[in-house]
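Trainee: I have a new structure open and would like to learn how to read it. Could you walk me through it?

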Amino acid sequence: MASRAAMLLGQVIPCVKANASKIRVRRMELDTNLNMYFKKDEFYFAYDPDKRCKTGDIVLIKELPEKLTRLISHSVEEIVYPLGDITDPITGKKVVVGKYREDIEEANRLFGKSKDAFDYSKAQPRGRLEGTRDFTHGETYIKYHEDGKDQPFAV
């Protein structure tokens, strides 16, 4: 009883296809015997020629009028939440471990800031460590066998 939705919200997972991103859309399915909902994942390939999406991003995808290829049936509309900067969807404020950043800054102003405290206003955006510590931009490929060599981009 899957219904066709015009737009879907999903998370980007590693993908080996060129010009496409693999999106996991999580839905809840009712088990009538137990009368409980369980997670059901559906995977879509979305057309993304610029490779704007990175692994872990939450994106909005839209169904294409006709399939581009046998697998690519959707296109990426926008990146709703990039991985790393958690934003409360209701208020739109940035969050750190369950507290708003504004509240943390206010507490630091009132009680004094620790010299070891992290300063989020000076933090650089995601992607500055590409190639050194952040390998989410690398081309992924399917690992067919274990040969003892390091394969950091294998899926």
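**Strands, rings and a loop**

Mentor: Let's start with one pair of residues: Ile23 stands opposite Tyr44 in strand 3. Before we go on, note that this is a predicted model, where local features need pLDDT of at least 70 and side-chain atom pairs count only at pLDDT 80 or more, while totals for chains, interfaces and linings use all residues. Residues are numbered from 1 along each chain as its sequence is written, and side-chain values use heavy atoms, with hydrogens and water left out.

Trainee: What holds paired strands together, and which elements does the chain have?

Mentor: In general, strands of a sheet pair through backbone hydrogen bonds, either parallel or antiparallel. Helices (H or I, at least four residues) and strands (E, at least two) are DSSP runs, numbered from the N terminus. This chain has 1 helix and 7 strands, in the order β-β-β-β-β-β-β-α from the N terminus on.

Trainee: How many bridges join strand 2 and strand 3?

Mentor: Two strands count as paired if DSSP finds at least two bridges between them. Strand 2 and strand 3 (residues 36–47) have 12 bridges and pair in the antiparallel sense. Their hairpin has 4 residues between the strands, and Asn35 there takes a positive phi near 55°.

Trainee: What about strand 1 and strand 2?

Mentor: Strand 1 (residues 7–13) and strand 2 (residues 20–31) also run antiparallel, joined by 3 bridges. Gln11 stands opposite Arg24, and Val12 has Ile23 as its bridge partner. This hairpin has 6 residues between its strands, with Asn19 in the turn at a positive phi of about 60°.

Trainee: In what order do the strands close into a barrel?

Mentor: The order is 1-2-3-5-4, so to speak a ring of 5 strands, and the pairing is mixed.

Trainee: How do I read an aromatic pair?

Mentor: Rings of Phe, Tyr and Trp (its six-membered ring) pair if their centres lie within 6.5 Å; planes under 30 degrees apart count as stacked, over 60 as edge-to-face and the rest as tilted. The structure holds 1 aromatic pair. The ring centres of Phe118 and Tyr120 are 4.8 Å apart with planes at 75°, so this pair is edge-to-face.

Trainee: Are Phe118 and Tyr120 exposed or partly exposed?

Mentor: Buried means under 20% relative accessible area, exposed over 50%, and partly exposed in between (1.4 Å probe, protein chains only). Phe118 counts as exposed because its relative accessibility is 53%, whereas Tyr120, at 30%, counts as partly exposed. Across the chain, buried residues make up 23% of the 155 residues.

Trainee: Which charged ends sit over rings?

Mentor: A charge sits over a ring if NZ of Lys or CZ of Arg is within 6 Å of the ring centre and within 35 degrees of the ring normal. Lys22 has its charged end over the ring of Phe43, 5.3 Å from the centre. Likewise, the charged end of Lys93 lies over the ring of Tyr100, 5.2 Å from its centre.

Trainee: Where does Leu64 lie, and what is Leu64 in contact with?

Mentor: Leu64 lies in the loop between strand 4 (58–63) and strand 5 (72–81). Contact means heavy atoms within 4.5 Å. Leaving aside neighbours within four places in sequence, Leu64 is in contact with Ile72, Ser73, His74 and Ser75. The C-alpha atoms of Leu64 and His74 are separated by 5.0 Å, though these residues are 10 residues apart along the chain.
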